[in-house]
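Colleague: I would like to know what stands behind the words people use for a model like this one. Could you take me through them?

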Amino acid sequence: MARPLKVAVQMDPIETIAIDGDSTFALMLEAQKRGHALWHYEVRHMSLREGKTAVDGVRTERLTALARPVTVQRVRGAHHQFGGPPAILDLATMDVVLMRQDPPFDMAYITATHMLEHIHPATLVVNDPASVRDAPEKLLVTHFPELMPPTLITWDLEAIRSFRAEHRDIIVKPLFGNGGAGVFRIRQDDENLASLLEMHFARSREPLMIQRYEPAVRRGDKRVILIDGEPLGAINRVPAEGEARSNMHVGGRAEAVELSPRDREICARIGPLLRERGLLFVGIDVIGDWLTEINVTSPTGIQEIVRFGGADLAAAIWDKIEAKRG
């Protein structure tokens with residue numbers, strides 16, 4: 001049996017999570033079952049203090065968070081209990097930090113990865129913070145062009161118009177969004193493209209991702225979970241009637257699914273890179289034969305996979321973490 005670990009969970013407010021679908025909650029339940037001690041904090045309560053030295057010249061308490069010990073249970077309305085008031089926690093004293101806050105992948109998110117680098121890998125951060133920073137979900141996928149549908153990332157309005165003229169039916173996505181927010185399907189005769197582009201670029205300096213619309217999405221957008229580069233489970237997410245997005249945040253329906261030979265081919269192609277970069281818990285999105293995203297920030301789906309008879313991925317993740325901690 002693995003030794004008990006001290007685990008800090010960096011996440012959004014625990015009060016707000018949906019306990020029947022939240023992957024972080026499943027990971028916390030499994031950690032607790034194994035005897036690991038849990039602390040909870042939000043990114044906004046992190047502090048990096050430089051220049052502080054102990055008498056012997058060794059720097060201490062560089063990265064801290066205002067955190068609370070926490071226990072969890074699968075009871076709606078009473079799913080967590082804090083073990084005391086918030087207190088300063090030296091994150092370097094933790095065995096593991098789970099970096100599980102949701103995107104958007106903005107400068108605040110990027111700054112948090114820089115701060116966590118001060119303790120990793122002596123404290124194991126899952127996923128590796130530098131690799132998360134270097135692998136935004138909609139950009140990492142572009143290193144595997146042979147696996148992707150036709151895709152354009154640009155600020156250039158004329159390039160976007162030309163892409164639509166070529167492919168006729170397109171999906172427009174914010175490059176650093178999540179949960180299907182701000183995703184639009186624009187057909188060849190849709191007169192809203194110009195307005196959509198004006199609205200986006202009036203409030204953002206970030207480029208857009210444009211992809212060819214894949215009709216296979218009507219049969220589902222498959223979420224495949226890879227743990228340390230190996231595919232261990234999948235769930236199909238079927239869009240609601242009249243909806244182009246399959247995300248469960250916006251009404252997508254989960255259903256059981258098996259990995260196809262093409263899914264396994266995609267996983268075999270990307271798995272070694274994920275393992276090499278310390279991306280232990282990853283969720284990829286596959287529509288038909290095409291890889292559309294590689295999600296490394298705060299992947300979801302492990303509870304749905306178990307619910308439909310799949311493997312206990314929370315247990316598999318902790319097996320890997322415990323093996324890395326020794």
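Modeller: Happy to; here is a short conversation about the terms and what they rest on.

Modeller: This is a predicted model, in which local features need pLDDT of at least 70 and side-chain atom pairs count only at pLDDT 80 or more, while totals for chains, interfaces and linings use all residues. Residues are numbered from 1 along each chain as its sequence is written, and side-chain values use heavy atoms, with hydrogens and water left out.

Colleague: Let's start small: why is S23 called buried?

Modeller: Buried means under 20% relative accessible area, exposed over 50%, and partly exposed in between, with a 1.4 Å probe and protein chains only. S23 has a relative accessible area of 1%, so it counts as buried.

Colleague: How do you know that S23 is found in a helix?

Modeller: Helices (H or I, at least four residues) and strands (E, at least two) are DSSP runs, numbered from the N terminus. S23 belongs to α1, which covers residues 23-33.

Colleague: And what does S23 touch?

Modeller: Contact means heavy atoms within 4.5 Å. Leaving aside residues up to four places away in sequence, S23 touches R100, F281, P299, T300, G301 and I302. Its side chain also reaches the backbone nitrogen of I302 at 3.5 Å.

Colleague: What makes a group of residues a nonpolar core?

Modeller: The group must be a set of buried Ala, Val, Leu, Ile, Met, Phe, Trp, Tyr and Cys residues joined through side-chain atoms within 4.5 Å. The largest one here has 45 residues, and Y41, L91, L116, I270, I284, L291 and I294 have the most contacts inside it. Among the elements that each supply at least two residues of this core are β2 (37-41), α2 (107-116) and β16 (281-287). Helix α7 gives the most, with five residues. Apart from this core lies another, of 34 residues, including M11, V126, I235 and A314.

Colleague: How do you know which strands belong together in the open sheet?

Modeller: Two strands pair if DSSP finds at least two bridges between them. β13 and β14 (residues 230-238) have seven bridges in the antiparallel sense, so they pass that test. One of the partnerships joins I225 to G233 in β14. The full order is β15-β14-β13-β16-β17, an open sheet of five strands with antiparallel pairing.

Colleague: Why are β15 and β17 called edges?

Modeller: Each has a single partner strand, so one side of each is left without a neighbour in the sheet. From one strand to the next, the twist averages 30 degrees.

Colleague: What lies across β13, β14, β16 and β17?

Modeller: That is α7, running at about 150 degrees to β16. Axes are lines fitted to C-alpha atoms, for helices over the stretch in contact, and angles run from 0 to 180 degrees between N-to-C directions.

Colleague: What makes some backbone spots worth a remark?

Modeller: Most residues other than glycine have a negative phi, and most peptide bonds are trans. D228 has a positive phi of about 55 degrees although it is not a glycine. D228 is in the loop between β13 and β14, and at 11% relative accessibility it counts as buried. R168 also has a positive phi, near 75 degrees.

Colleague: Where are the cis peptide bonds?

Modeller: One runs from H120 to P121, with omega near 10 degrees. Another joins V126 and N127, with omega about 0 degrees.

Notes. A polar contact is a pair of N or O atoms within 3.5 Å; within protein, one must be able to donate a hydrogen and the other to accept it, and residues adjacent in sequence count only if both atoms are side-chain atoms.
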